[in-house]
Amino acid sequence: MTLLGISVGPFMFTARMEEAAPQTCAAFRRLLPYRQKIIHARWSGEACWIPLGDFDLGVGYENHTSFPSRGEILFYPGGLSETEILLPYGSTRFASKVGQLAGNHFLTIVDGRERLAEMGRLVLWQGAQDIVFEALPADLPAE
């Protein structure tokens, strides 16, 4: 099992890479450590996003969904809207100004989920936050 550490501002989370999205996981792993800014995605409900413009990760759709659960992180490869990563912290219907979207569920937060809503409120009310994805040792226990 591949685990990643994710920090968003003052918050720390542990996420598991999802085997159902092997191409997305392999391509994203090559980017680690990955640093970006995360902003609020009000049109998708309780979610934050990392806008990536025309960035091409080199993957298409794998296990795409429009209704991720809290802590199920999606990668949208672009097409109808710009490329992005979506981090839901509550009820979410993945969408953009052009309508409903679907993204590959490639990470699931397994530690720190209880602080996701607090993280979402921070991003909503205080604006863009730094986010960092880093590989963790494989022997860390997951919840």
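Helices and strands here are DSSP runs, numbered from the N terminus. With that in hand, a good place to start is Ala21, which sits in the loop between β2 (11-17) and α1 (22-29). The structure is a predicted model. Ala21 has 0% relative accessibility and so counts as buried, the cut-off being under 20%. Setting aside neighbours within four places in sequence, the contacts of Ala21 are Glu62, Asn63, His105 and Phe106. Phe94 is another matter: its C-alpha atom is separated from that of Ala21 by 18 Å, with the two positions 73 residues apart along the chain.

One of those contacts, Phe106, leads straight into the nonpolar interior. In soluble globular proteins, nonpolar side chains tend to be buried together. The largest nonpolar core in this model has 33 residues, and Phe106 is among those with the most contacts inside it, along with Ile6, Phe28, Ile85, Leu107, Met119 and Phe133. Another core, of eight residues, lies apart from it and includes Ala41, Trp49, Phe94 and Leu101. Back at Phe106, and not counting residues up to four places away in sequence, the residues touched include Arg16, Met17 and Glu18, then Ala21, Thr24, Cys25 and Phe28, and further along the chain Ile73, Leu74, Phe75 and Ile85.

Next come the aromatics. Searching the whole structure turns up seven aromatic pairs. In one of them, the ring centres of Phe28 and Tyr34 are 5.5 Å apart and the planes meet at 65°, so this pair is edge-to-face. Phe28 counts as buried because its relative accessibility is 1%, and Tyr34 is buried too, with a relative accessible area of 11%. Phe28 also pairs with Phe133: here the centres are 5.2 Å apart and the planes stand at 85°, so this one is edge-to-face as well. That second pair ties together distant parts of the chain, with Phe28 in helix α1 and Phe133 in strand β11 (residues 129-135), 105 residues apart. Both Phe28 and Phe133 are buried. Taken as a group, Phe28, Tyr34, Phe106 and Phe133 are linked into a cluster by ring pairs.

Helix α2 (residues 116-126) has a clear buried side. Its buried residues are Leu116, Met119, Gly120, Leu122 and Val123. Viewed down the axis of α2, these fall within an arc of 155°, so they line one face of the helix. Trp125 and Gln126, on the other side of α2, are exposed. Glu118 also belongs to helix α2 and, at 36% relative accessibility, counts as partly exposed. The C-alpha atoms of Glu118 and Tyr89 are 8.6 Å apart in space, while the two residues are 29 apart in sequence. After α2 comes Gly127, with a positive phi, near 90°.

Finally, the strands. Strand β3 (residues 34-40) pairs with strand β4 (residues 45-51) in the antiparallel sense over two bridges, and a hairpin of four residues joins β3 to β4. Within this pairing, Ile39 has Trp49 of β4 as its bridge partner. On top of that, β4 pairs with strand β7 (residues 84-92), again in the antiparallel sense, over six bridges. Pro51 stands opposite Glu84 in β7. Trp49, the bridge partner of Ile39, also turns up in the core of eight residues, among whose members is Phe94.

Conventions: Residues are numbered from 1 along each chain as its sequence is written. This is a predicted model: local features need pLDDT of at least 70, side-chain atom pairs count only at pLDDT 80 or more; totals for chains, interfaces and linings use all residues. Side-chain values use heavy atoms; hydrogens and water are left out. Buried means under 20% relative accessible area, exposed over 50%, partly exposed in between (1.4 Å probe, protein chains only). Contact means heavy atoms within 4.5 Å. A nonpolar core is a set of buried Ala, Val, Leu, Ile, Met, Phe, Trp, Tyr and Cys residues joined through side-chain atoms within 4.5 Å. Rings of Phe, Tyr and Trp (its six-membered ring) pair if their centres lie within 6.5 Å; planes under 30 degrees apart count as stacked, over 60 as edge-to-face and the rest as tilted. The arc is that of the directions from the helix axis to the C-beta atoms. Two strands pair if DSSP finds at least two bridges between them.
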